[in-house]
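User: I would like a close look at a single part of this model, followed by how that part relates to what surrounds it. Please take it step by step.

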Amino acid sequence: MTYLDPTASPGRWDALHAMLAALDAQIETVYAERGIEGVRPRFAYPLIRLAHTGPLTIRELAESLGRSHSAMSQTISAMRREGLVDSEPGADARTRRVTLTGRSRALIPFLEAEWRATEAAVAELDEEVPHALSAVVTELTRALERRPMRDRILAHLVEPAAGPARTDTSAPIDPSS
């Protein structure tokens, strides 16, 4: 029996991921054209939120933005490297509150203007195409509420026959062994 690499051909979501990456790259181009270096589009959301709420812990910030603690922690680390945020001791020894730096405070008016312009551009795109992405996302969310992705995956999952666990991942799988 031979096995084909399931990742060898593009998956159904590859085009969406590529489009989102291209959109982020174009937003970064807007930043660069304005002389704003070291700011990535994913930084705008937490920076703007911190400007309006004041210092928050990573957990509080993640919850307020609907992001995972892990993802927000990585974003905060990247923003700290770019001099956009600092941290100060929190209510207990285990927490730190994230604060804006002077550099990021100066960027907030532009980031808010870019946010509004991006939202307007997305609305324009939604009007331009026959199936608005925002409507498709709403419909996908409803479908996943009716039947979660986990259940859908399990309905299609055909697990390989039980055998010894593979611990050496340095070589490709030999289906004939």
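In which helix is the place of Glu33?

Analyst: The place of Glu33 is in helix 1, and since the model is a predicted one, what follows describes computed geometry. Glu33 has a relative accessible area of 58%, and because exposed means over 50%, this residue counts as exposed. Between the C-alpha atoms of Glu33 and Arg147 there is a separation of 45 Å, the two residues being 114 apart along the chain.

Helix 1 spans residues 14–33 and, together with helix 6 (133–146), is one of the elements that give two or more residues to a nonpolar patch on the surface. That patch is formed by Leu16, Met19, Leu20, Leu23, Leu133, Val136, Val137 and Leu140, which together have about 630 Å² of accessible area. Leu20, which lies in helix 1, has a relative accessibility of 41% and so counts as partly exposed.

Several of these names return in the largest pocket, where Leu16, Met19, Leu20, Leu23 and Leu133 lie nearest the centre among 42 lining residues. The space in this pocket comes to about 1,600 Å³. Helix 1 supplies the largest share of the lining, 11 residues, while helix 2 (41–53), helix 4 (69–81), helix 5 (102–128), helix 6 and helix 7 (149–156) each supply at least two. Sorted by class, the lining of the largest pocket holds 30 nonpolar, five polar and seven charged residues.

Helix 6, which shares the nonpolar patch with helix 1, also carries a salt bridge between Arg142 and Glu139, whose closest N and O atoms are 2.8 Å apart. Both residues lie in helix 6, three residues apart, or about one turn of the helix. Arg142 is partly exposed at 42% relative accessibility, and Glu139 is likewise partly exposed, with a relative accessible area of 42%.

The structure holds five salt bridges, and another of them joins the side chains of Glu60 and Arg97 at 3.3 Å, N to O. This pair links distant parts of the chain, with Glu60 in helix 3 (residues 58–65) and Arg97 in strand 3 (residues 96–100), 37 residues apart. Glu60 is partly exposed at 34% relative accessibility, and Arg97 is partly exposed at 25%.

Terms used:
Residues are numbered from 1 along each chain as its sequence is written. This is a predicted model: local features need pLDDT of at least 70, side-chain atom pairs count only at pLDDT 80 or more; totals for chains, interfaces and linings use all residues. Side-chain values use heavy atoms; hydrogens and water are left out. Patches are made of residues with over 30% relative accessible area and no salt bridge: like charges are joined within 9 Å, nonpolar side chains (Val, Leu, Ile, Met, Phe, Trp, Tyr) within 5 Å. Accessible areas come from the Shrake-Rupley method with a 1.4 Å probe; for residues, only the protein chains shown count as cover. A salt bridge is a side-chain nitrogen of Lys or Arg within 4 Å of a carboxyl oxygen of Asp or Glu. Helices (H or I, at least four residues) and strands (E, at least two) are DSSP runs, numbered from the N terminus. Buried means under 20% relative accessible area, exposed over 50%, partly exposed in between (1.4 Å probe, protein chains only). On a 1 Å grid over the protein atoms alone, a cavity is a set of points where a 1.4 Å probe fits but cannot get out, and a pocket is an open set with protein on both sides within 12 Å along at least five of seven lines; lining residues have an atom within 4 Å of a point. Grid points are joined across faces, edges and corners, and a volume is the space filled by probe spheres set on the points. Ala, Val, Leu, Ile, Met, Phe, Trp, Tyr, Cys and Pro count as nonpolar, Asp, Glu, Lys and Arg as charged, and the others, Gly among them, as polar.
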